[in-house]
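Colleague: I'm new to reading protein models. Could you walk me through one, feature by feature?

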Amino acid sequence: MFDKSARIFEEVYERIDEGKPLDVIYLDFAKAFDKVPHKRLAKKLQACGVRGQALTWIQSWLSGRRQKVGTGYKHSSWRTLLSGVPQGSVLGPMLFVLFINDIDDGILSKVPKFADDTKLCSAVGDDQEADIPREDLRSMFRWSQDWQNAV
């Protein structure tokens, strides 16, 4: 993952040094770690080959989590979480990346991913090349809609 990102940025620096135009679009997933649905994550993990005890352990680790909100001396009641991966853990960012790993399927731009820090990089030397990141963003938006509505 790191090596791939490093190569992408070497290409970015080369284009800059050559004076060639480049679009780099920084993507921000709102409340990214909180919105990873557990059931859909399990499907993605299975598609990546995670099965058996490893999958059972991850599902067990995510299930039964609860939270409540407090302000001052007032607190909500406890609620069971059906989505989210713990942010302070080593496993949380990895699970998030596995969940979004296919976001760049069919994308022509380069998409380095590190946890929820995702970028879309594309050369834009002419109008035709400028259309590539636009269409890639549309594809990524469709991906997000599809996975938000998936069962």
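Modeller: Sure, let's start with a term: a crossing of two helices is left-handed if the near helix is turned anticlockwise from the far one by less than a right angle, and right-handed if clockwise. Keep in mind that this is a predicted model.

Colleague: Okay, what is the handedness of the crossing of α3 and α4?

Modeller: The crossing of α3 and α4 is left-handed. In general, two packed helices are described by the angle between their axes and the distance between the axes. Here, helix α3 (residues 52-62) and helix α4 (residues 91-100) pack at about 110°, and their axes lie 13 Å apart. Angles of 65 to 115 degrees count as roughly perpendicular, so that is what we call α3 and α4.

Colleague: Which residues in α3 and α4 meet?

Modeller: From α3, look for Trp57, Ile58, Trp61 and Leu62; they meet Leu91, Gly92 and Leu95 of α4. Sorted by class, this contact has six nonpolar residues, one polar and no charged ones.

Colleague: Is α4 largely enclosed or open to the outside?

Modeller: Buried means under 20% relative accessible area. Seven of the ten residues of α4 are buried, so the rest of the structure largely encloses this helix. The buried ones are Leu91, Gly92, Leu95, Phe96, Val97, Phe99 and Ile100.

Colleague: Now α2 and α3: at what angle do they pack?

Modeller: Same recipe, angle and distance. α2 and α3 pack at about 160°, with 11 Å between their axes. Over 145 degrees counts as roughly antiparallel, and α2 and α3 are therefore described that way. Their crossing is right-handed.

Colleague: And which residues of α2 meet which residues of α3?

Modeller: On the α2 side they are His38, Leu41, Ala42, Leu45 and Gln46, and on the α3 side Leu55, Ile58, Gln59 and Leu62. That contact has six nonpolar residues, three polar and no charged ones. While you're looking at α2 (residues 38-47), note that its buried residues include His38, Leu41, Ala42 and Leu45. Just after α2 comes glycine 49, with a positive phi near 95°.

Colleague: Let's do strands. In what order do the three strands of the open sheet come?

Modeller: The general idea: strands of a sheet pair through backbone hydrogen bonds, either parallel or antiparallel. In this model the order is β1-β7-β6, with antiparallel pairing. β1 (22-28) and β6 (113-114) are the edge strands, each pairing on one side only.

Colleague: How many bridges join β1 and β7?

Modeller: Seven bridges, with β7 covering residues 117-123. To find your way, spot isoleucine 25 opposite leucine 120 in β7, then leucine 27, whose bridge partner in β7 is threonine 118. Five of the seven residues of β7 are buried, making it mostly covered.

Colleague: What do β6 and β7 form, and how many residues lie between them?

Modeller: A hairpin, with two residues between the strands; alanine 115 in that turn has a positive phi of about 55°. β6 and β7 are joined by two bridges, and one pair is phenylalanine 114 with aspartate 117.

Colleague: Last one: where is tryptophan 78?

Modeller: Tryptophan 78 sits in the loop between β4 (74-75) and β5 (79-80). Between the 20% and 50% cut-offs a residue is called partly exposed, and tryptophan 78, at 46% relative accessible area, is partly exposed. Leaving aside neighbours within four places in sequence, tryptophan 78 is in contact with Arg66, Gln67 and Lys68. The C-alpha atoms of tryptophan 78 and lysine 68 are 4.8 Å apart, although ten residues separate the two along the chain.

Terms used
Residues numbered from 1 in each chain as written. Predicted model: local features only at pLDDT ≥ 70, side-chain atom pairs only at ≥ 80, totals over all residues. Heavy atoms only, no water. Pairing = 2+ DSSP bridges. Helix = DSSP H or I, 4+ residues; strand = E, 2+ residues; numbered from the N terminus. Buried < 20%, exposed > 50% of the residue type's maximum accessible area, 1.4 Å probe, protein only. Axes fitted to C-alpha atoms, helices over the stretch in contact; angles between N-to-C directions. Parallel < 35°, antiparallel > 145°, perpendicular 65-115°, else oblique. Contact = heavy atoms within 4.5 Å. Nonpolar A, V, L, I, M, F, W, Y, C, P; charged D, E, K, R; others polar.
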